[in-house]
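Thanks for making time this morning; I would like to walk you through one model, going from its interior to a helix pair and then to the ligand.

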Amino acid sequence: MSNFGAMQNEIYMAGTQGILPDYPVDFATLESRAHEALGPMMTNYVAGGCGDENTQDTNASAFHHWGMVPRMMVDCTERDLSIDLFGLKLPSPIFMAPIGVNGEATQDRHGDMAAAKASATTGVPFCASTLSNDPLEDVHDACGETPAFFQLYTPRNRELAESLIKRAEKVGYKAIVVTLDTWLTGWRPRDLNASNFPQLRGKVMQNYFSDPVFRSLLDKPPEEDPKAAILLFAAIFGQVLTWDDMEWFKSVTDLPIVLKGICHPDDARRAVDCGADAVYCSNHGGRQANGGIATIDLLEDVVKASGAVPVLFDSGVRSGTDVVKALAMGARAVGIGRPYTYGLAIGGAEGAAWVLRSILAEADLLMAVNGYPTLERVREAGVQRIV
Ligand SMILES: Cc1cc2nc3c(=O)[nH]c(=O)nc-3n(C[C@H](O)[C@H](O)[C@H](O)COP(=O)(O)O)c2cc1C
């Protein structure tokens with residue numbers, strides 16, 4: 001059983017030798033240091049969201065209107081935060097959500113590799129995005145023994161979609177996460193005002209540029225004519241998916257299929273009926289549509305509608321406390337998004353690992369204090385709406 005909370009003692013003990021932590025443990029400080037490291041263009045892209053960003057902000061603030069009630073006289077000297085997912089036994093209930101500009105978040109522009117290394121050292125699975133500065137094969141290798149998932153932006157070209165899935169399957173990814181809410185880009189004022197869309201500048205294209213099907217559609221290889229390759233990417237990026245497409249996904253791979261972007265209980269039921277192996281409740285961190293409802297407020301209904309099918313969750317998770325609340329509402333696993341990318345920005349693999357470890361330490365210590373030694377107890381305790 002992992003003792004994630006022990007990180008606290010490490011920090012305090014180091015303090016007795018005059019050593020302060022290199023990285024912060026709270027989100028506000030992490031965010032401001034990361035924005036400094038990223039610079040204005042990347043900060044716009046990572047921190048920005050859709051419209052006036054109300055949905056994005058509410059995703060995070062809505063956690064505050066849910067509270068937990070502690071239980072006393074329970075032996076919590078040992079806590080078990082492990083979960084079963086797709087037949088895998090994972091040491092903790094969190095994973096790294098797919099972030100398409102991880103590659104650009106580190107100084108060396110290999111942020112996907114750094115995220116994978118953080119996954120290898122922490123045991124927290126990495127969901128690698130289609131949009132990457134390193135090919136998915138290299139990223140998978142860097143994850144070491146920790147299982148990884150591959151997130152698919154389904155291209156309009158079926159052969160290319162199949163090629164990406166097969167490559168992920170071949171190299172050992174454990175699930176395909178199909179993102180449903182991003183066949184086009186939402187209205188993002190910060191990026192529009194700066195007229196900056198990284199993909200059109202040739203960033204995070206390596207899964208396309210290294211793909212044999214993608215390359216076969218070009219007159220010249222991307223290394224010789226990057227402009228034509230980028231235009232091809234733009235032309236074939238986003239397939240509009242409907243429920244009928246599930247049959248095709250199930251026919252091309254034996255890997256579990258996870259549907260990302262489900263917020264309505266009817267969609268969760270439909271996903272289960274169509275054979276989804278997991279439902280991923282997320283609104284893309286408020287980047288795709290404004291005018292929505294915080295995902296945490298929708299989670300319980302999605303969990304109920306999904307029955308025995310596991311529900312993954314993200315959007316607005318900023319701390320270990322948020323993680324425990326989402327687990328209490330029935331999420332099987334909780335996705336960490338912007339916080340670990342900020343970790344990459346301030347400290348590469350080490351920074352991202354620090355962020356993940358801090359989140360797990362806070363979750364573990366909260367469970368200890370609240371008298372919840374297991375995730376089963378967390379779920380039994382549940383959360384209460386405060387306002
Ligand atoms: C900069 C950025 C890039 C993202 N890229 C992807 C992506 O490539 N694929 C995807 O499915 N989701 C992507 N997402 C959405 C995340 O997977 C996740 O749903 C979101 O970050 C959760 O919101 P939070 O970071 O505010 O907690 C991205 C999010 C951000 C912030």
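**Core, helix pair and ligand shell**

Of the 114 residues in the largest nonpolar core, Val258, Val279, Val302 and Leu356 touch the most other members; such a core is a set of buried Ala, Val, Leu, Ile, Met, Phe, Trp, Tyr and Cys residues joined through C-beta atoms within 7 Å, and buried means that 20 or more other C-beta atoms, placed from the backbone, lie within 10 Å of a residue's own. Helix 16 supplies the largest share of this core, 17 residues, helices being DSSP runs (H or I, at least four residues) numbered from the N terminus.

Before going on, please keep in mind that this is a predicted model, in which local features need pLDDT of at least 70 and side-chain atom pairs count only at pLDDT 80 or more, while totals for chains, interfaces and linings use all residues. Residues are numbered from 1 along each chain as its sequence is written.

Helix 16 (residues 338-370) also packs against helix 2 (residues 27-47), at an angle of about 110 degrees and with the axes 8 Å apart, where axes are lines fitted to C-alpha atoms over the stretch in contact and angles run from 0 to 180 degrees between N-to-C directions. Helix 2 and helix 16 are therefore roughly perpendicular, a label covering 65 to 115 degrees.

Finally, which residues come nearest to the ligand? Among the 23 around the ligand, they are Ala97, Gly100, Ser129, Gly285 and Gly337, with a C-beta atom, placed from the backbone, within 6 Å as the criterion for being near.

Terms used: Helices (H or I, at least four residues) and strands (E, at least two) are DSSP runs, numbered from the N terminus. Angles under 35 degrees count as roughly parallel, over 145 as roughly antiparallel, 65 to 115 as roughly perpendicular and the rest as oblique. A residue is buried if 20 or more other C-beta atoms lie within 10 Å of its own, exposed if 12 or fewer, and partly exposed in between; C-beta atoms are placed from the backbone.
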